[in-house]
Amino acid sequence: MDLSRPYETTWEDWVLGGGARASFPHPTRPLVVEIGPGEDDFLLDMAREQPGTNWLGSEYSHKRIARYARRAAAAGVGADNLRLIWRPAADLVGPFLTPGVVARWHVHFPDPWPKKHHAR
């Protein structure tokens, strides 16, 4: 069973279907974007606490998007107001996520120092 739906949206959906807002059941709600949600609970918490806002997480790693969608589904959070997209942020910010579309941005840097596995 694919738990990423209804959470995952795609760039192709946006190109063919009217952009980021069209991915949500209530496209007129304010859209808040987090770039790089990773493993953090911020998006899950915000989608739960602010159901009148649409929350979008943009991540470059499809594995992370799939894990995040599974966590959201298991928590029963955000099917109505949380979407995740697997795409580099640079592909989205100019063409789709403009100041007229996005009410607020979040870019968190929770783990900025290099690790052993980064040495390669």
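1. A residue is called buried here if its relative accessible area is under 20%. With that threshold in mind, Phe42 and Trp55 are both buried in this structure, which is a predicted model.

2. Phe42 and Trp55 also deserve attention as a pair, since a search through the whole structure finds one aromatic pair. The two rings, those of Phe42 and Trp55, meet edge-to-face, with 6.1 Å from centre to centre and 85° between their planes. The pair links distant parts of the chain, Phe42 belonging to helix α2 (residues 42–49) and Trp55 to strand β3 (residues 54–59), with the two positions 13 residues apart in sequence.

3. Helix α2 contributes further buried positions: besides Phe42, the residues Leu43, Leu44, Met46 and Ala47 are buried. The elements that cover the buried residues of α2 include β2, β3, α3, β4 and β5 (102–107).

4. Which loop holds Asn81? Asn81 is found between α3 (62–75) and β4 (82–86), and Asn81 counts as buried because its relative accessible area is 3%. Its side chain has a polar atom 3.0 Å from the backbone oxygen of Ala47, and a polar atom of the Asn81 side chain likewise lies 3.1 Å from the backbone oxygen of Thr53. Leaving aside residues up to four places away in sequence, Asn81 touches Phe24, Arg29, Ala47, Gln50, Pro51, Thr53, Asn54 and Trp55, so that Trp55 of the aromatic pair is among the contacts of Asn81.

5. Arg29, one of the residues that Asn81 touches, lies in the loop between α1 (11–17) and β2 (31–35). Is Arg29 buried or exposed? Arg29 is buried, because its relative accessible area of 18% falls under the 20% limit.

6. The side chain of Arg29 takes part in polar contacts with both backbone and side-chain partners, which can be described in turn. One of its polar atoms lies 3.1 Å from the backbone oxygen of Pro51, while a polar contact of 3.2 Å joins the side chains of Arg29 and Asp80. Not counting residues up to four places away in sequence, Arg29 touches Arg21, Pro51, Gly52, Thr53, Asn54, Asp80 and Asn81; Pro51, Thr53 and Asn54 also appear among the residues that Asn81 touches.

7. A separate point concerns another arginine and a ring. Arg71 lies over the face of Tyr68, at 4.9 Å from the ring centre.

Notes
Residues are numbered from 1 along each chain as its sequence is written. This is a predicted model: local features need pLDDT of at least 70, side-chain atom pairs count only at pLDDT 80 or more; totals for chains, interfaces and linings use all residues. Side-chain values use heavy atoms; hydrogens and water are left out. Rings of Phe, Tyr and Trp (its six-membered ring) pair if their centres lie within 6.5 Å; planes under 30 degrees apart count as stacked, over 60 as edge-to-face and the rest as tilted. Helices (H or I, at least four residues) and strands (E, at least two) are DSSP runs, numbered from the N terminus. Buried means under 20% relative accessible area, exposed over 50%, partly exposed in between (1.4 Å probe, protein chains only). A charge sits over a ring if NZ of Lys or CZ of Arg is within 6 Å of the ring centre and within 35 degrees of the ring normal. A polar contact is a pair of N or O atoms within 3.5 Å; within protein, one must be able to donate a hydrogen and the other to accept it, and residues adjacent in sequence count only if both atoms are side-chain atoms. Contact means heavy atoms within 4.5 Å.
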